[in-house]
Amino acid sequence: MAPTTPPSPDRRALVHVGCIMDGNGRWAKRRNLPRTAGHTEGEENLARLVRVAVKRQVGWLTVFGFSTENWVRPRMEVRHILGLHKKLFGRVTELNELNVRVQWMGRPFESAEARTPKYVQRAIRKAIADTAHNTGMVLTVAFDYGSRAEMVHAAQSAAAQGPVDEAAIDRHLYLPELPPVDVMVRTSGELRVSNFMLWQSVGAEVYFTDCPWPEFDADELDAALALVNR
Ligand code: IPE
Ligand code: IPE
Ligand code: MG
């Protein structure tokens with residue numbers, strides 16, 4: 001008898017890890033380096049962690065890169081972080097090798113409140129287009145993102161179309177395809193969720209670690225994944 005081909009795995013059933021990448025500044029300060037050096041190392045570490053997450057067969061990795069509240073930081077630091085996001089979204093060759101599809105979520109570029117500059121928008125659009133064919137892990141970078149802004153946007157868009165219930169909000173989140181978060185990570189010892197995916201993480205396990213983001217490695221990810229009951 002001919003072997004039956006196994007059904008393709010349901011992507012939404014794979015593990016979704018959320019990461020609040022905190023502690024870059026403190027990591028740098030401990031080394032007598034400028035805060036910007038911490039952000040640079042944080043970006044490098046994200047690239048390393050993406051590789052590890054792919055190996056662990058994580059389905060969805062969603063990271064908090066920059067919040068709607070972070071714009072009040074010193075202009076120099078903000079400029080540095082913007083440059084790092086351009087670099088991050090420019091890692092297309094690496095992401096294609098890993099079969100990783102990139103997504104972005106944040107205040108829609110065309111909305112009045114959006115603050116993402118044009119040159120970062122271009123990098124984001126290009127990364128999304130150039131990795132759209134990948135079928136492996138989905139890496140979502142939250143930039144100019146705030147959960148409250150997202151929920152207001154979802155409620156308004158839902159109301160424009162009909163009755164507002166939970167399913168309607170779900171359908172109008174920035175990225176409705178994202179499954180619920182299974183485990184939410186926050187690095188560097190803060191026990192806060194800081195306006196990150198409040199709607200999506202309602203049933204999530206939470207992994208708080210003292211480890212600063214630039215040092216969040218395979219062992220740390222494994223500790224977070226161990227909390228997911230499957
Ligand atoms: C996280 O590191 C990166 C961003 C919020 C952009 P921080 O810059 O918040 O580092 P700490 O918390 O000051 O150490
Ligand atoms: C949370 O870190 C936001 C990101 C990681 C992008 P912050 O360092 O900005 O958060 P708070 O202000 O300490 O809660
Ligand atoms: Mg911080």
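Ligand 2 sits in the largest pocket of this predicted model. The space taken by ligand 1 is that largest pocket too, so let's walk through the two ligands in turn.**Around ligand 2**

The shell of ligand 2 is made up of Ile 20, Met 21, Asp 22, Phe 64, Gly 65, Phe 66, Asn 70, Arg 73, Arg 186, Arg 192 and Ser 194. By class, these are four nonpolar, three polar and four charged residues. Strand β2 (residues 60-67) supplies the largest share, three residues. Oxygen atoms of ligand 2 have polar partners in the side chains of Asn 70, Arg 186 and Arg 192. On its own, ligand 2 exposes 390 Å², and the protein buries 77% of that.

**Around ligand 1**

Here the neighbours are Met 21, Asp 22, Gly 23, Asn 24, Gly 25, Arg 26, Arg 35, His 39, Gly 65, Asn 70, Arg 73 and Ile 81. They divide into two nonpolar, six polar and four charged residues. Oxygen atoms of ligand 1 pair with the backbone of Gly 23 and with the side chains of Arg 35 and Arg 73. Of the 380 Å² of accessible area that ligand 1 has alone, the protein covers 86%. Helices α1 (24-30) and α2 (35-55) are the elements giving two or more residues to this shell, and α1 gives the most, with three residues.

**Polar contacts to ligand oxygen atoms**

| Ligand | Residue and part | Distance |
|---|---|---|
| Ligand 2 | Asn 70, side chain | 2.8 Å |
| Ligand 2 | Arg 186, side chain | 3.3 Å |
| Ligand 2 | Arg 192, side chain | 2.6 Å |
| Ligand 1 | Gly 23, backbone | 3.4 Å |
| Ligand 1 | Arg 35, side chain | 2.8 Å |
| Ligand 1 | Arg 73, side chain | 2.6 Å |

How values were computed. Residues are numbered from 1 along each chain as its sequence is written. Chains are lettered from A and ligands numbered from 1 in the order in which they are written. This is a predicted model: local features need pLDDT of at least 70, side-chain atom pairs count only at pLDDT 80 or more; totals for chains, interfaces and linings use all residues. Side-chain values use heavy atoms; hydrogens and water are left out. A residue is near a molecule or strand if one of its heavy atoms lies within 4 Å of it. A polar contact is a pair of N or O atoms within 3.5 Å; within protein, one must be able to donate a hydrogen and the other to accept it, and residues adjacent in sequence count only if both atoms are side-chain atoms. Accessible areas come from the Shrake-Rupley method with a 1.4 Å probe; for residues, only the protein chains shown count as cover. On a 1 Å grid over the protein atoms alone, a cavity is a set of points where a 1.4 Å probe fits but cannot get out, and a pocket is an open set with protein on both sides within 12 Å along at least five of seven lines; lining residues have an atom within 4 Å of a point. A molecule sits in a cavity or pocket if more than half of its atoms lie within 2 Å of its grid points. Helices (H or I, at least four residues) and strands (E, at least two) are DSSP runs, numbered from the N terminus. Ala, Val, Leu, Ile, Met, Phe, Trp, Tyr, Cys and Pro count as nonpolar, Asp, Glu, Lys and Arg as charged, and the others, Gly among them, as polar.
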